[in-house]
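This report asks how nonpolar residues, cysteines and backbone angles are arranged in the structure shown below. It should be read with the sequence and the coordinates side by side.

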Amino acid sequence: MQISTIPTTPYTDQKPGTSGLRKKVPVFQQPNYLENFVQSIFDSLEGYQGETLVVGGDGRYYNRQAIQIILKMAAANGFGRVMVGQGGILSTPAVSCIIRKNRAFGGIVLSASHNPAGPNEDFGIKYNISNGGPAPEKVTEAIYAHSKAISQYRILEAGDVDLDRLGTTQLGVMVVEVIDCVTDYAALMESLFDFNRIQQLLTNPSFRMCMDSMHAVTGPYAHALFEGRLGAPAGTVMNGKTLEDFGGGHPDPNLVYAHDLVEILFGDQAPDFGAASDGDGDRNMILGRQFFVTPSDSLAILAANAKLVPGYSSGLSGIARSMPTSQAADRVAERLGIDCYETPTGWKFFGNLLDSDKATLCGEESFGTGSNHIREKDGLWAVLFWLNILAVRQESVEQIVRSHWQTYGRNYYSRHDYEGVDSGRAHQLVDRLRGLNLKGQQYGAYEVEYHDDFSYTDPIDGSISQNQGIRIGFTDGSRIVYRLSGTGTQGATLRLYVESYEPNIAKQSQDTQEALSGLIAIANEVAQIQDYTGRDQPTVIT
Ligand code: G16
């Protein structure tokens, strides 16, 4: 088999966002577009000759074609072995697990996460380093720099690899190993959680669970874990078949897009526990009977109950959350006497904290929770963590959350998304906010204590990340945060995050939007959201 060197010219738009390069499928299908980016990844790495690369994706449209190209390019560039999921399927957490278990050099994840899939929808590619986590900014910047200067790529002239048959084949001198997508990940989960107790819970006829895989990547994992290993009745997993177009849905596990599950959990005869995961399996949503657990609360509750779970029974070294995530976890950390770190949005910022054992649990408001077991957030891990707590405490989801609020106080929290707005106007809105001087300003009962653009200095390597979101903090601890999403593929998405703290138990049962209505009005007024976005309502409220 012959290695070809193909001349190419750069594309100017291959700058990775919050989590890799995400574009519409037709963009990726342009001549050499994917090849340029893959070669740019390889060109920004050193020392991978003969090493192992893990490759897999969430099964979306173009996954299989992209994997064939990547395999041939990995062979031509000198990798020794590629481990690829059967059918091209690997959830993002499974890639992280497999990289770590096999001491691989790195991995390539093909996903646009929760964004819709199909011939005219989204695709994405992300490089993960040897700790199993997303490449840090210095690597993604190097990839971008290479993509702007690329003049050629290398590819092996060979037929396609059969991705559906388990076992090894040869691609030139490189070995391709097609692996079962579930085995290693399921074993890791079993090492962390009390599977016997969870099994008792799931086989008890008085407990009912509903898991929505949203026709995305977690289908095979959820079937194998919940209905297989843990004995839950068949039908516990809904939308469990992974489809190239995710069944035409939008696999973003929130109250708007996971509406099938929400209807069931908020309907008559609702099950006791509901969960959903996203396109690539790293996000989760947790529901009780007629009850929604905000992701920020979920992180705090997992931390407060970690001692009940075998994998975390010896305690936590610290907790980390992204800046826009509510401060509920900070209160748990304080009580546990451990540090709580505040990082920019993006799971990659947790990598150093996890590697240096400064944090054990991490979480984000964007429905992401995880721990030091891998270096990605992990949807099914969070579901199992909740099940383990439910199995031990024998209380309902709602009881557990309410008793948490009674102990720690409640952080009312909401995110308003304005999706697909004009990019220029969205940037003007943020620039204007950055230029204001709000410190000391009074808005009704609220006085501004600080107003800044969040900047983060990594405590391990000293790297600085600036312009990570406009924060307006009030003297009573309430906060308003504005930032532009780094994961969208069309126009801009403005995210507004609003938070207030309520220690008074008698006032902890208000509707979230009502409780936050005063702050939301201030947030709209200060940023002139209507004027800049042309919208009088957010697209999604969570
Ligand atoms: C990615 C990142 C997360 C981030 C989320 C939303 O998640 O890994 O850290 O919170 O995007 O980012 P943004 O607010 O910039 O859209 P995923 O699940 O999309 O890979």
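The largest nonpolar core of this predicted model has 73 residues, and among its members F226, F273, W381 and L387 touch the most others. Helix α13, which spans residues 379-393, supplies the largest share of this core, with 11 residues. The core also draws on both domains, taking at least three residues from domain 1 (2-181) and at least three from domain 2 (185-408).

The surroundings of F226 give a more detailed view of this packing. When neighbours within four places in sequence are left aside, F226 is in contact with L202, M209, M211, G231, A232 and V237, and also with L380, V383, L384 and L387. L387 therefore appears twice in this account, as a contact of F226 and as one of the residues that touch the most other members of the core, a core being by definition a set of buried residues joined through side-chain atoms within 4.5 Å. Apart from this core lies another, of 45 residues, which includes L21, V25, A76 and I155. In soluble globular proteins, nonpolar side chains tend to be buried together.

**Cysteines**

The structure holds zero disulfides. Why does C181 form no bond with C97, the cysteine whose sulfur is closest? The two sulfur atoms are 12 Å apart, which is too far for a bond, whereas the cut-off for a disulfide is 2.5 Å. C181 is buried, with a relative accessible area of 9%. For C340 the closest cysteine sulfur is that of C362, and because the distance is 9.7 Å, this pair is likewise too far apart for a bond. C340 counts as partly exposed, at 27% relative accessibility.

**Positive phi values outside glycine**

Two residues that are not glycine, M214 and Q290, have a positive phi, and each of them is placed in a loop, that of M214 running between β10 and α8 and that of Q290 between β13 and β14. The table sets out their values.

| Residue | Phi | Loop between | Relative accessibility |
|---|---|---|---|
| M214 | near 55 degrees | β10 (209-212) and α8 (219-229) | 8% |
| Q290 | about 50 degrees | β13 (284-288) and β14 (291-293) | 40% |

Are these two loop residues buried or partly exposed? M214 counts as buried because its relative accessibility is 8%, under the 20% limit, while Q290, at 40%, counts as partly exposed.

Technical notes:
Residues numbered from 1 in each chain as written. Predicted model: local features only at pLDDT ≥ 70, side-chain atom pairs only at ≥ 80, totals over all residues. Heavy atoms only, no water. Buried < 20%, exposed > 50% of the residue type's maximum accessible area, 1.4 Å probe, protein only. Helix = DSSP H or I, 4+ residues; strand = E, 2+ residues; numbered from the N terminus. Domains from an automatic or database assignment. Contact = heavy atoms within 4.5 Å.
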